[in-house]
Amino acid sequence: MAERKTLRCDIAGIDVVSLAEQFGTPLYVYDAETIRLRFNELRKFDVVRYAQKACSNLAILSLLRQLGALVDAVSAGEIHRALVAGYPAAGDPPPIVYTADIFDRDSLELVVEKGIHVNCGSRDMIQQLGERAPGREITLRINPGFGHGHSRKTNTGGEFSKHGIWFKELGEALAQAKELGLSVTGLHMHIGSGSDFEHLAKVCSAMEEVAFAVGPSVRTISAGGGLPIPYRDSDQRIDLERYFELWNTTRRKLESAFGHLVRLEIEPGRYLVAEAGYLVTEIRAVKKQADNLFYLVDAGFNNLARPVMYGAYHPISVVPRDRNFARPEYDVIVGGPLCESGDIFTQEEGGVVVTRRLPQASVGDYLVIECAGAYGFVMGSNYNAKPLCAEVLIDGGRPQLIRRRQSYRELWEGESIPQG
Ligand code: LLP
């Protein structure tokens, strides 16, 4: 990939300084055009089911719905979000699929009441749904016994993963579904496959094996999510053609064995929104600790948790308020405002603090943390009593507020001090 610039003045053609002045910082800014571009690249799949856990703002859901994406939900809250964003509860293919390893009481109630399709990741889910809603069609999320992921915390298959029905228990799961009057119409494997094609080929053959064991009732297979994006300059963009072909071959094999069409779904989160999202933050202090230069900004891991949780790398650029682009570069550590030593954006897995080569900057300049659209805002918190930040969507050259900044009052809303 071409080297990214470490100085910028705009996001999707809109001046960053004016965005910061209008909406305040820290601020998430999303570019609708990038989401469209990424969605269009995936149109070969019969269904692109957006994994909204990556970024579930109603405006983003609505944009993807209008593009033709269906949606995945992992909680009652995400089902409600999808409904509010205009997705119908039921249909063929199901507009909303609830994929999880458990039902909490709210989600079970909601899927039963609204007729939401369920992708079961445990035999207890089959049992609980079957008892409440016999006659339903379900899909099964299978753990094929191996996994892959960008870090130990995101590995989603294998014996230490909690996700999916263990492949060796397929027979029991099918018998249980049958007894409860549920029909298994599809299979799902999300094992964080990334762009390792050797690994992906293993997943495809595991899918074939499981599908043949289930038989011709299988009408849908889902490749799950996990499509990677290039966070670093050295990361390659995934070869989507090759990715599709591997899954398509599996689908064709099933179609010819079963004698009917098999729908191929993909369930990306990151791929659709990561590159569209930017976290805009203001530099509030520049200091030296011995030889180390720190830029301390007003965003912390309460806004973007990926660096502290996974040692994740995000590109960073400086927005010079005075528009002077002739700046020397330094090795810098970028940290946030939280009262916590780990509140550092430039760190590797295991909490090792590293430096980033960035242009000289001063208090009042802005930093843009890039590729932050997926698992950014949604993993934010109120830690240190910081209000959740605002979100803005730029579409057609127009920035629009899609979530206002949380107020201080909202921080303690719902709390009470016991009387007497
Ligand atoms: N489908 C299922 C069943 C999933 O569990 C996930 C992600 C996806 C789809 C979407 O995966 P994606 O295409 O976005 O990679 N917080 C972590 C990622 C956790 C992913 C959890 N499951 C991060 O910031 O990297």
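**Exercise 1. Work out which residues of α9 are buried and how they sit on the helix.**

Start with the list: Leu240, Tyr243, Phe244, Trp247, Asn248, Thr250, Arg251, Leu254, Glu255 and Phe258 are the buried residues of α9. Buried here means under 20% relative accessible area, exposed over 50%, and partly exposed in between (1.4 Å probe, protein chains only).

Next, look down the axis of α9: the buried residues fall within an arc of 160°, so they line one face of the helix. That arc is taken over the directions from the helix axis to the C-beta atoms. As background, an α-helix has 3.6 residues a turn, so residues three or four places apart point the same way.

Then ask what lies over that face. The cover includes α2 (32-41), α8 (197-214), β11 (220-222), β12 (263-266) and α10 (270-273). Helices (H or I, at least four residues) and strands (E, at least two) are DSSP runs, numbered from the N terminus.

A quick note on the model: it's predicted, so local features need pLDDT of at least 70 and side-chain atom pairs count only at pLDDT 80 or more, while totals for chains, interfaces and linings use all residues. Residues are numbered from 1 along each chain as its sequence is written, and side-chain values use heavy atoms, with hydrogens and water left out.

**Exercise 2. Check the span of α9 against its expected value, then see what follows the helix.**

Helix α9 runs over residues 240-258, which is 19 residues. The expected span is 1.5 Å times one less than the number of residues. From first C-alpha to last, α9 reaches 27 Å, close to the 27 Å expected. Just after α9, Gly259 takes a positive phi of about 75°.

**Exercise 3. Place Phe23 and Lys178: is each one buried or exposed?**

Phe23 is in helix α1 (residues 16-23). Its relative accessibility is 15%, so Phe23 counts as buried. Its contacts (heavy atoms within 4.5 Å) are Val392, Pro399, Leu401 and Arg405, leaving out residues up to four places away in sequence. Phe23 and Pro399 are 376 residues apart along the chain, yet their C-alpha atoms are separated by 9.9 Å.

Lys178 belongs to helix α7 (residues 170-179). With 70% relative accessibility, Lys178 counts as exposed.

**Exercise 4. Find the largest nonpolar core and its best-connected residues.**

A nonpolar core is a set of buried Ala, Val, Leu, Ile, Met, Phe, Trp, Tyr and Cys residues joined through side-chain atoms within 4.5 Å. The largest one has 108 residues, and Tyr50, Ile126, Leu140, Tyr243 and Trp247 have the most contacts inside it. Helix α8 gives this core its largest share, nine residues.
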